[in-house]
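Trainee: I would like to learn how to read local features from a model. Could we take them one at a time?

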Amino acid sequence: MIDKILILDFGSQYTQLIARRVREAHVYSEIKPWNAAETDLLDTETRGVILSGGPLSVVAPDAPKIPAAILQSNLPILGICYGMQALTVQLGGEVAPAQEREYGLATIQALVPNPLLPEGELTVWMSHGDRIKRQPAGWQVLARSANSPIAAIGNLEQRRYGLQFHPEVRHTPQGALILQRFVIDICGCKGDWTPASIIAQSIASIQQQVGEAKVLSAVSGGVDSSVATALAQRALGEQVYSVFIDTGLLRKGERHQVETAFHPLLGERLMVVDASERFLSALQGVTDPETKRKIIGETFIREFEATARQIGQIDFLVQGTIYPDVVESQGIGASQAQRIKSHHNVGGLPSDLHFKLVEPLRLLFKDEVRAVGEALGLPHSLIWRQPFPGPGLAVRCLGEITHERLDTLREADAIFTQELEQAGLLQLQEDPSGKLQGTSQAFAVLLPIKTVGVMGDQRSYQEVVALRAVTTTDFMTADWARLPQEFLARVANRIVNEIPRVNRVVYDITSKPPATIEWE
Ligand code: XMP
């Protein structure tokens with residue numbers, strides 16, 4: 001039995017951050033929308049409840065409410081922002097509608113010793129409209145700020161608390177400590193959510209779901225499919241059939257890297273399907289980006305069907321769905337999340353193959369997926385690699401896709417990646433001032449034009465490579481990476497010197513939006 005914290009979502013943009021901070025304290029947390037069925041909310045493993053913030057006013061006529069089952073339980077509760085105001089109103093206190101929103105850093109002063117807040121002054125991040133006028137009977141004011149005379153409240157005996165500020169954001173430097181105190185000291189969670197316990201639990205649940213059946217697991221070389229496959233393999237051994245489809249649209253050395261990474265785990269049981277000729281002939285003469293994506297998606301489906309037929313009676317398919325996808329499609333903002341996913345599933349696994357899905361990463365955030373992958377012994381380089389789109393180099397080889405042009409692109413991309421790695425720029429780092437250094441994603445693009453150059457005394461008329469490098473944490477918005485000029489000069493020099501078919505290199509200096517990260 002793993003201790004659990006329920007996070008009730010009132011629509012805050014920070015709800016997932018609350019779950020992540022709790023997990024960072026090695027406590028399992030689950031997000032449920034505030035209006036989920038009451039029977040779905042609490043179980044015998046729940047040790048406490050956190051109520052998220054939210055965009056609405058608690059005094060609005062149909063404001064979201066805390067379900068009675070939660071208030072009637074004896075569980076500790078922490079209300080954050082909207083959660084605090086809802087607690088106040090529903091327990092008989094009073095909330096004043098806001099004249100204006102308080103937004104930004106504030107200093108609060110703890111007034112009463114308590115197990116939640118560190119003593120003295122704290123810097124915190126405020127973002128709220130309504131404020132508490134009078135706390136419920138039996139509750140104390142625990143802290144105040146210049147603008148919020150009631151910045152934190154609590155009923156110490158009942159182990160229930162409310163915070164006007166956001167402990168889950170990094171702008172509240174002691175916020176992670178506050179959440180840790182709530183889940184460990186106040187709720188009494190053991191801190192048993194560790195890679196080892198995640199692996200054990202996941203293996204047990206895969207075995208229970210699948211029994212003796214055969215399972216197909218496709219690896220793409222990305223983090224999620226690799227970790228999902230490794231977990232399935234641990235759980236089911238020889239019942240797992242793993243397939244890696246070489247589309248011919250992979251980066252230099254990628255097929256070899258995947259084979260090497262999986263050899264210790266799967267041995268000869270990793271089926272590598274060389275489908276490159278089928279993909280490239282399907283793409284012959286196609287230049288439109290959306291048509292390329294569609295053809296690749298369809299070709300993938302055909303390859304999966306063929307593989308499944310070869311193995312015979314396959315009922316289950318392993319898929320690397322991770323927790324943010326699950327949360328985004330279960331509640332507030334679902335429609336947008338689904339749209340983004342369908343776009344990014346292109347080239348991933350088809351939905352109409354009538355397999356039952358095994359999704360061992362369904363409850364994990366990306367950083368947990370990585371920690372599990374490391375604990376399973378997957379290579380560091382695979383666990384920390386940058387994202388690569390499902391359609392592969394097809395969407396980076398602008399214009400017509402040919403063997404020759406793909407080779408040119410692969411060489412240029414390999415030079416760029418190698419130089420980034422040598423310069424320590426292949427990963428994103430935060431410098432002491434909070435600025436992002438290095439790259440979140442960096443690659444070469446082959447443009448569909450030729451330009452004139454001069455090589456020795458010869459006129460040349462050759463291809464153009466664009467270098468794209470961005471910094472981002474969510475990939476929804478991104479800034480172009482400020483790579484050092486000398487570094488870019490070195491990369492450009494190597495590309496034009498080592499690849500005869502390229503005579504010009506340009507660097508992309510647009511952010512997203514208005515551009516996207518990929519060029520197609
Ligand atoms: P954009 O280009 O939309 O990319 O700014 C955001 C992130 O998504 C990746 N991407 C894709 N991944 N199939 C995928 O699996 C796709 O069709 C696709 N398009 C973009 C892109 O590499 C970046 O990380």
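Trainee: Which residues does R362 touch, not counting residues up to four places away in sequence?

Mentor: This is a predicted model, and in it R362 touches T321, I322, Y323 and V326. R362 itself lies in the loop between β16 and α12. The C-alpha atoms of R362 and Q319 are 9.1 Å apart in space, with their positions 43 residues apart in sequence.

Trainee: Where does the side chain of R362 make a polar contact?

Mentor: The side chain of R362 is joined to that of E359 by a polar contact of 2.8 Å.

Trainee: Is R362 buried, partly exposed or exposed?

Mentor: Buried means under 20% relative accessible area and exposed means over 50%. R362 has 35%, so it is partly exposed.

Trainee: What about S127, buried or exposed?

Mentor: At 8% relative accessibility, S127 counts as buried. S127 sits in strand β7, residues 121-128. Beyond four places in sequence, the residues that S127 touches are C81, R101, E102, Y103 and H166.

Trainee: How do I check a helix against its expected span, say α5?

Mentor: Use 1.5 Å times one less than the number of residues. For the 16 residues of α5, residues 195-210, that gives 22 Å, and the end C-alpha atoms are 22 Å apart, so the two agree. For the 14 residues of α6 the expected span is 20 Å, and the end C-alpha atoms are 20 Å apart, which agrees. For the 13 residues of α7, residues 254-266, 18 Å is expected and the end C-alpha atoms are 17 Å apart, which also agrees.

Trainee: Which residues of α5 are buried, and what covers them?

Mentor: The buried residues of α5 are S197, I198, I199, S202, I203, I206 and V210. Their cover includes β12 (215-218), α6 (223-236), β15 (316-318), β16 (356-358) and α12 (366-375).

Trainee: S197 is a serine in that list. What does its side chain reach?

Mentor: A polar atom of the S197 side chain lies 2.6 Å from the backbone oxygen of D192. S197 has 17% relative accessibility, so it counts as buried. Leaving aside neighbours within four places in sequence, S197 is in contact with I2 and D192.

Trainee: How many residues of α6 are buried?

Mentor: In α6, 13 of the 14 residues are buried, so the helix is largely enclosed by the rest of the structure. For α7, the buried residues are E254, V258, A261, F262 and L266. These pack against α6, β13 (240-246), β14 (270-274) and α13 (380-383).

Trainee: What follows each of these helices?

Mentor: After α5 comes G211, with a positive phi near 60°. After α6 comes G237, with a positive phi near 55°. After α7 comes G267, where phi is positive, near 55°.

Trainee: Which residues other than glycine have a positive phi?

Mentor: Most residues other than glycine have a negative phi. H26 has a positive phi, near 65°, and is found in the loop between α1 (15-24) and β2 (28-33). C81 has a positive phi, near 55°, and is in the loop between β4 (77-80) and α3 (82-90).

Trainee: Are H26 and C81 buried or partly exposed?

Mentor: H26 is partly exposed at 39% relative accessibility, whereas C81 is buried, with a relative accessible area of 5%.

Trainee: Which peptide bonds are cis?

Mentor: Most peptide bonds are trans. A cis peptide bond joins K512 and P513, with omega about -15°. The bond from P513 to P514 is cis too, with omega near 10°. P513 lies in the segment after β22, and P514 lies in that segment as well.

Trainee: How are α14 and α15 packed?

Mentor: Two packed helices are described by the angle between their axes and the distance between the axes. Helix α14 (residues 403-422) and helix α15 (residues 485-498) pack at an angle of about 150°, their axes 10 Å apart. The contact is made by A412, I415, F416, Q418, E419 and L420 of α14 and by F487, R490, V491, R494, I495 and E498 of α15. These residues divide into 7 nonpolar, 1 polar and 4 charged.

How values were computed:
Residues are numbered from 1 along each chain as its sequence is written. This is a predicted model: local features need pLDDT of at least 70, side-chain atom pairs count only at pLDDT 80 or more; totals for chains, interfaces and linings use all residues. Side-chain values use heavy atoms; hydrogens and water are left out. Helices (H or I, at least four residues) and strands (E, at least two) are DSSP runs, numbered from the N terminus. Buried means under 20% relative accessible area, exposed over 50%, partly exposed in between (1.4 Å probe, protein chains only). Contact means heavy atoms within 4.5 Å. A polar contact is a pair of N or O atoms within 3.5 Å; within protein, one must be able to donate a hydrogen and the other to accept it, and residues adjacent in sequence count only if both atoms are side-chain atoms. Axes are lines fitted to C-alpha atoms, for helices over the stretch in contact, and angles run from 0 to 180 degrees between N-to-C directions. Ala, Val, Leu, Ile, Met, Phe, Trp, Tyr, Cys and Pro count as nonpolar, Asp, Glu, Lys and Arg as charged, and the others, Gly among them, as polar.
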